[in-house]
Amino acid sequence: MNGYLSIRNLTVRLKGGGTILRDVSLNVAAGQVHGLMGESGAGKSMIGKAVLGTLPRALDITSGQIWLDGVDLQTLPPAERRNRIGALAALIPQDPLTALNPSRRIGPQITRRLVDILGWKRQDAAKRALELLNEVHIPDAPRVMRSYPHELSGGMRQRILIASAFAAEPKLIIADEPTTALDVTVQKQILHLISEMQARHDTALLFVTHDLGVMSKVCDTLSVLYAGKVVEEANMPRFFMRPIHPYSAALLAATPTYTDPTSSLTPVPQTVVDQVEREVMEHDLRTAS
Amino acid sequence: MRDLRGDVKRTLGLRLWLSGGWLTILALAALCAPLLAPKDPLMQDLFLGRMPPFWMDGAEPGYLLGTDSLGRDVLSRILYGARLALIVALVAGTLTCFVGATLGLIAGYYRGWPDRIISRFVDIWMAFPPVLFAILLIAVMGTGLLSIIIAIVIIDWTRFARVIRAEAMTQGAMDYVASAQVSGQTRFSTMLTEILPNVLPTIVVLLTLEMGIAVIVEAILSFVNLSISTDSPTWGGMISEGRTSVHQAWWVLVFPLITLFLTVLSFSQLGEGLKDRFDPVLR
């Protein structure tokens with residue numbers, strides 16, 4: 001199957017060190033939601049970063065291809081790659097508190113892509129920003145456009161980031177644990193909003209999370225990542241009925257259920273060491289000294 | 001909550017007003033020194049040597065803050081000294097800031113080999129004792145206003161480079177920088193539009209701090225007679241001359257010292273006040 005985003009045998013290594021992603025392949029079909037599941041340190045965020053070209057400097061793609069809309073990104077020169085990614089893909093980040101520039105107003109930050117890449121006029125971009133803010137259910141949009149990020153709550157900022165991700169009508173959105181930094185009460189609204197926007201704009205969505213509950217609500221298909229390797233790829237009903245890989249089964253057994261709240265949870269037998277972060281940190285320490 | 005915030009605002013305002021006020025007075029004094037100074041700052045009158053300030057017994061009318069051992073008017077010399085002090089503060093401070101902040105920004109944001117080169121230079125630089133380094137530089141370049149300014153820039157750019165590098169590294173790791181890159185911006189324009197505005201408050205604080213430091217360095221150099229020629233009055237020069245007669249005429253030492261102290265203090269307080277103005281979160 002050839003998806004809109006198709007990652008083939010991607011291997012990412014630390015410069016002069018360990019392997020972060022081993023031979024990862026996955027497909028996100030146009031208009032579909034694909035979940036990327038794994039515990040901390042499995043490398044799930046790194047896949048998103050590899051696609052968007054924002055890998056930490058200590059990491060290198062050593063082999064594999066990333067096909068976006070039928071073009072292998074690795075073969076493009078840097079400037080062209082940047083523009084192509086900017087026009088076709090967008091990110092909904094994990095932490096809305098650091099994802100907006102604190103010294104610029106909201107309005108221009110939503111429509112930056114439109115102005116910078118697609119060459120829109122500022123007035124048109126501002127009009128579009130208003131529409132988008134209405135779409136993500138933000139009241140009093142004109143005032144919000146003139147605000148600075150610190151004047152808005154975390155949930156509001158995440159809505160704004162969603163609006164900005166959809167601004168240039170990208171065909172692929174990577175949501176990197178978009179609800180982990182939020183309040184539980186806000187999480188549900190944000191999930192709804194992402195699903196709603198995804199359906200309306202018919203975008204492919206790569207949804208990175210470690211929360212099976214969240215995943216079961218949003219995704220059509222999923223990949224389970226363990227220590228930098230994809231151990232299982234499945235569609236949602238099949239995964240919940242009959243997980244194949246023992247790790248997937250262990251994950252499911254470790255998830256609380258509503259039907260039998262008294263049953264005790266089975267912990268996953270071993271945890272991945274937080275290999276990505278540890279190795280990146282060690283590399284930084286080595287180069288900083 | 002509201003009240004607390006109000007209090008903070010008010011004290012910040014006071015700080016800005018006091019420091020800004022003192023610096024404005026100083027700037028006016030420097031500009032209008034020929035009009036304001038009651039006497040010629042260079043005019044000696046050996047019959048009027050070491051006259052005390054006006055409130056003490058034996059004060060000479062017309063010499064408000066007394067005279068030094070050569071009979072020169074202390075007040076007039078302080079007023080004229082403000083000229084050199086402020087020129088050095090503004091020019092040397094700004095140049096140092098520009099050089100240091102630029103290098104720090106590049107090192108902190110680009111990392112990699114530019115960072116390695118710049119950071120090594122900073123490390124080496126900071127191993128030199130600054131005052132000796134300055135004296136050495138002046139000895140090589142010769143005395144004069146230009147040499148002082150160049151010496152200050154050469155000694156002190158590391159202060160900016162270090163702090164701004166650290167700050168740029170912190171900002172560079174934020175998600176909004178990554179998203180700027182994803183939306184197709186080049187690294188250079190990301191540095192200017194995303195990183196720079198967010199390190200600006202720090203740059204402003206450092207800049208004003210540096211202006212104060214520049215005044216001190218100039219005073220130190222005058223103290224060891226390496227500033228500009230001895231016949232133009234400088235605060236450091238006055239302190240140096242006053243030192244020899246401090247037991248007979250303390251005012252020759254104390255008044256320029258107080259002026260110097262207030263000026264340096266004002267510069268640093270101005271920076272603190274301005275930082276809060278520039279910071280979008282506190283604004």
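**Notebook: salt bridges, interface and chain B**

I began with the salt bridge of K44(A) and E177(A), whose closest N and O atoms are 3.5 Å apart. K44(A) sits in helix 1 (residues 44-52) of chain A and E177(A) in the loop between strand 7 (172-176) and helix 8 (184-201), so the pair ties together parts 133 residues apart in sequence. The salt-bridge rule I used asks for a side-chain nitrogen of Lys or Arg within 4 Å of a carboxyl oxygen of Asp or Glu. Helices (H or I, at least four residues) and strands (E, at least two) are DSSP runs, numbered from the N terminus.

I note that the model is predicted, that local features need pLDDT of at least 70 and side-chain atom pairs 80 or more, and that totals for chains, interfaces and linings use all residues. Residues are numbered from 1 along each chain as its sequence is written, chains are lettered from A and ligands numbered from 1 in the order in which they are written, and side-chain values use heavy atoms, with hydrogens and water left out.

**Other salt bridges**

I then checked how covered the first pair is. K44(A) is buried at a relative accessible area of 4%, and E177(A) is buried at 7%. For these labels, buried is under 20% relative accessible area, exposed over 50% and partly exposed in between, with a 1.4 Å probe and protein chains only.

Next I looked up D69(A), which forms a salt bridge with R84(A), the closest N and O atoms being 3.8 Å apart. D69(A) is in the loop between strand 4 (59-68) and strand 5 (71-72) of chain A, and R84(A) is in helix 2 of chain A, so this pair ties together parts 15 residues apart in sequence. Both ends have some exposure: D69(A) is partly exposed at 38%, and R84(A) is partly exposed at 24%.

In the pair of R238(A) and E232(A), the closest N and O atoms of the salt bridge are 2.9 Å apart. E232(A) is buried, with a relative accessible area of 3%. In chain B, I found D68(B), R72(B), R77(B) and E241(B) joined into one network by salt bridges that share partners. Over all chains the rule counts 21 salt bridges.

**Interface of chains A and B**

I took contact as heavy atoms within 4.5 Å. On that basis, 26 residues of chain A are in contact with 24 residues of chain B. The two chains bury about 2100 Å² between them, with 49% of it on carbon and sulfur atoms. Three arginines of chain A, R57(A), R82(A) and R112(A), supply 27% of the area that chain A buries against chain B, more than any other three residues. Buried area here is the accessible area (1.4 Å probe) that two parts lose on being put together, summed over both.

Which side chains meet in a salt bridge at 2.8 Å, N to O? They are those of R104(A) and E194(B). The rule finds two salt bridges across this interface. It also has seven residue pairs in polar contact, both residues at pLDDT 80 or more. Helix 2 (78-88) and helix 4 (112-116) of chain A each supply at least two residues of the side that touches chain B. Helix 2 gives the most to that side, with four residues. I sorted the residues of this side of chain A into 10 nonpolar, nine polar and seven charged. For the sorting, Ala, Val, Leu, Ile, Met, Phe, Trp, Tyr, Cys and Pro are nonpolar, Asp, Glu, Lys and Arg charged, and the others, Gly among them, polar. A polar contact is a pair of N or O atoms within 3.5 Å; within protein, one must be able to donate a hydrogen and the other to accept it, and residues adjacent in sequence count only if both atoms are side-chain atoms.

**Chain B**

I counted 10 helices and zero strands in chain B. Of its 283 residues, 48% are buried. The C-alpha trace spans about 75 × 55 × 30 Å along its principal axes. Among contacts in chain B with a separation of 6 or more, 72% come from residues 24 or more positions apart.

Why is helix 7 of chain B largely enclosed by the rest of the structure? Six of the eight residues of this helix (175-182) are buried. They are Y176(B), V177(B), S179(B), A180(B), Q181(B) and V182(B). After helix 7 comes G184(B), with a positive phi near 90°.

**L130(A)**

My last entry is L130(A), in helix 5 (residues 122-135) of chain A. L130(A) is partly exposed at a relative accessible area of 30%. Leaving out residues up to four places away in sequence, L130(A) touches A141(A), P142(A) and M145(A). The C-alpha atoms of L130(A) and I110(A), 20 residues apart along the chain, are separated by 9.6 Å.
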